[in-house]
Amino acid sequence: MSQQTSIPLHVLPLGAGNSTIAMQERVISLTDAYVDAWENNNYQTVRNLASQFYGMGADILNKIELLTYVSSRERKLADYEDAQLSKTMKALAADNSPEAEEKKKAMLENFKSSLGEAEGQAAYDSMLDGTHPIFDLAITNSKVTDQETDFLGEVYVNMLTNAVSCDYIGYLRTGKELDSEQAIREEDTKLISELSGSLQDIHDAAYEALYNALKNDKPAEEMRALAKSYQEKLQGMFGISGAIMGPYLALISNGANGNASTSNYQEALKLSEIANRCTILYAYASYVRVALSDRSYNRWLSNEQRRTDKRAYSSGIPTGAKTSIQDLTSMGNNIADGTLVQVEGVVTSIEIKDDPAAPKFSTFVTLKDVQTNSTVLLRAHMFGLEDNGVAVGSYMRMNGFVRRNESWLAQDQTGLDFDRVPLNELAKTNWLDDVVERMRDYYPLYQDGMNTFFTLN
């Protein structure tokens with residue numbers, strides 16, 4: 001009995017309306033709407049666009065799977081036809097019978113009539129010796145389809161990453177507009193903490209499972225199912241996180257009647273950081289899933305598996321020695337100049353100034369300890385942190401190098417230069433860093449490479 005496959009006609013990759021160009025036009029239109037909404041602070045629209053990005057991602061994956069199915073069937077048929085044609089031409093070339101010579105003469109005349117004397121002769125010769133491009137038609141057509149699905153695969157990951165960003169940021173921004181004078185309750189902070197823990201558990205389990213599956217050369221079907229399962233576990237968490245985080249940040253921002261504690265800020269930062277890390281994970285799971293939906297996934301999977309051979313399941317991101325702003329800035333402290341330290345606090349001012357002389361510039365941030373009111377000046381040389389989302393009211397944890405006696409510091413003042421994450425180097429030996437490095441075009445975990453995390457404000 002022959003096999004039959006039922007496919008809705010409207011999803012077939014046929015006609016102008018279903019072409020890759022038409023799909024790309026829809027992608028561009030949707031992305032333009034997103035950019036416009038963001039630039040105009042229309043966060044409700046940003047939030048509403050999430051479903052459209054998810055839908056676009058689903059459409060693209062369907063198209064990739066269908067192109068893969070159709071091209072695979074076409075390749076089998078074309079390979080057979082090419083082999084038969086090659087066999088026929090070889091037999092004709094070797095046949096010196098009067099009937100064969102007559103056929104060859106007619107073929108030559110037909111080529112010359114269609115292509116001209118010289119090109120016709122060349123086409124005839126290549127047909128008989130098996131070098132004519134027609135013998136490579138199956139390979140040529142497959143390469144064209146592979147290029148198309150590779151392109152669509154990148155767009156697919158972009159669409160889904162945009163979707164979860166819209167979910168998280170859209171809900172966070174609209175929720176942060178909450179106008180309330182009530183204080184943060186203990187159960188509010190507990191909810192934030194539990195959500196962070198849930199995301200952390202998914203994050204850790206997913207990366208470990210994906211790494212082990214690659215390390216142990218799991219079959220493509222198992223890998224694809226694994227990636228899909230973590231896509232599904234994560235997808236609904238972003239909107240929930242944003243919806244809870246927004247009002248929580250609003251209550252912190254109004255000072256909660258002056259009683260906001262460091263622990264409130266720290267819990268908000270913890271959820272913010274793990275939401276960002278899970279966005280990278282979601283992008284990678286989507287990347288794995290779509291790559292394994294392609295006809296030529298074998299080479300990709302082999303390369304991905306080899307990435308675990310010389311890379312440890314780890315991250316080499318440097319972490320400074322934890323210290324308080326008060327200890328760092330107190331007179332007579334024994335923290336040596338150039339030491340990498342980690343501090344956290346609330347941003348109370350941010351400005352860009354020439355440093356040390358135009359046209360060089362730096363972003364200067366004043367970070368305040370909530371409990372002691374101690375402050376420290378931070379410098380991001382040649383980078384505009386406001387473009388990355390840092391604002392007055394953000395709670396930040398940063399890793400930086402101790403600086404003294406610099407032109408941008410007052411006499412006897414201690415400041416910090418932001419550490420920058422060397423992902424290119426770390427990715428060579430650490431698998432987790434390799435994933436973050438390769439996914440940065442979809443979502444940069446370390447904005448401008450700064451070794452810092454912060455809450456939006």
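**Exercise 1. A pair within one helix**

Start with Glu267, which counts as buried because its relative accessibility is 16%, under the 20% cut-off. Keep in mind that this is a predicted model. Your task: work out which residue Glu267 meets in a salt bridge, and where the two lie.

*Solution.*
- Step 1: look for the partner. The side chain of Glu267 meets that of Lys270 in a salt bridge, with an N to O distance of 3.7 Å. That fits the cut-off, since a salt bridge needs the nitrogen and the carboxyl oxygen within 4 Å.
- Step 2: place the pair. Helix H8 holds both Glu267 and Lys270, three residues apart, or about one turn of the helix.
- Step 3: check the partner's surroundings. Lys270 has 43% relative accessibility, so it counts as partly exposed.

**Exercise 2. A pair across the sequence**

Find the salt-bridge partner of Arg307 and say which parts of the chain the pair ties together.

*Solution.*
- Step 1: Arg307 forms its salt bridge with Asp434, and the closest N and O atoms are 3.1 Å apart.
- Step 2: map the two ends. Arg307 sits in the loop between helix H9 (297-306) and strand E1 (321-322), while Asp434 belongs to helix H12 (residues 431-438), so the bridge ties together parts 127 residues apart in sequence.
- Step 3: compare accessibilities. Arg307 is partly exposed at 26% relative accessible area, whereas Asp434 is buried at 3%.
- Step 4: widen the view. A network of salt bridges links Glu304, Arg307, Arg311, Asp434 and Arg438.

**Exercise 3. One more bridge, then the tally**

Describe the bridge between Arg185 and Asp188, then say how many salt bridges the structure holds.

*Solution.*
- Step 1: the side chains of Arg185 and Asp188 meet at 2.9 Å, N to O.
- Step 2: Arg185 is partly exposed because its relative accessibility is 43%. Asp188, with a relative accessible area of 15%, is buried.
- Step 3: for the whole structure, the tally is 17 salt bridges.

**Exercise 4. A buried charge without a bridge**

Asp419 is buried yet has no salt bridge. Which side chain does it join through a polar contact?

*Solution.*
- Step 1: locate Asp419. It lies in the loop that runs between strand E6 (414-418) and helix H11 (423-426).
- Step 2: check for opposite charge. Side chains of opposite charge can pair when their charged atoms come close. For Asp419, the nearest side chain of opposite charge is Arg420, 8.0 Å away.
- Step 3: look for a polar partner instead. The side chain of Asn451 is joined to that of Asp419 by a polar contact of 2.8 Å.
- Step 4: fill in the neighbourhood. Leaving out residues up to four places away in sequence, Asp419 touches Pro318, Leu340, Asn399, Gly400, Phe401, Gly449, Met450 and Asn451.

**Exercise 5. An arginine in a strand**

Is Arg379 buried or exposed, and which side chain does it meet in a polar contact?

*Solution.*
- Step 1: Arg379 is part of strand E4 (residues 375-381).
- Step 2: its relative accessibility is 13%, so Arg379 counts as buried.
- Step 3: the side chain of Arg379 makes a 2.8 Å polar contact with the side chain of Asp417.
- Step 4: beyond four places in sequence, the residues Arg379 touches include Asp355, Trp408 and Phe418.

**Exercise 6. A leucine in helix H4**

Work out which residues Leu128 touches, not counting those up to four places away in sequence.

*Solution.*
- Step 1: Leu128 lies in helix H4 (residues 117-129) and, at 18% relative accessibility, counts as buried.
- Step 2: its contacts are Met89, Leu92, Ala93 and Lys104.
- Step 3: for a backbone view, the C-alpha atoms of Leu128 and Ser86 are 8.7 Å apart, with their positions 42 residues apart along the chain.

**Exercise 7. The largest pocket**

Which element gives the largest share of the lining of the largest pocket?

*Solution.*
- Step 1: the largest pocket holds about 840 Å³ of space. Its lining has 34 residues, with Ile169, Asn388, Tyr443, Gln447 and Leu456 nearest the centre.
- Step 2: helix H1 (20-39), helix H5 (137-176), helix H8 (262-291) and strand E7 (452-454) are the elements giving two or more residues to that lining.
- Step 3: H5 gives the largest share, seven residues.

**Exercise 8. The whole chain**

Sum up the protein chain by its elements, burial and contacts.

*Solution.*
- Step 1: the chain has twelve helices and seven strands.
- Step 2: of its 457 residues, 47% are buried.
- Step 3: take the contacts with a separation of 6 or more; residues 24 or more positions apart account for 72% of them.

Conventions: Residues are numbered from 1 along each chain as its sequence is written. This is a predicted model: local features need pLDDT of at least 70, side-chain atom pairs count only at pLDDT 80 or more; totals for chains, interfaces and linings use all residues. Side-chain values use heavy atoms; hydrogens and water are left out. Helices (H or I, at least four residues) and strands (E, at least two) are DSSP runs, numbered from the N terminus. Buried means under 20% relative accessible area, exposed over 50%, partly exposed in between (1.4 Å probe, protein chains only). Lys and Arg count as positive and Asp and Glu as negative; His and the chain ends are not counted. A polar contact is a pair of N or O atoms within 3.5 Å; within protein, one must be able to donate a hydrogen and the other to accept it, and residues adjacent in sequence count only if both atoms are side-chain atoms. Contact means heavy atoms within 4.5 Å. On a 1 Å grid over the protein atoms alone, a cavity is a set of points where a 1.4 Å probe fits but cannot get out, and a pocket is an open set with protein on both sides within 12 Å along at least five of seven lines; lining residues have an atom within 4 Å of a point. Grid points are joined across faces, edges and corners, and a volume is the space filled by probe spheres set on the points.
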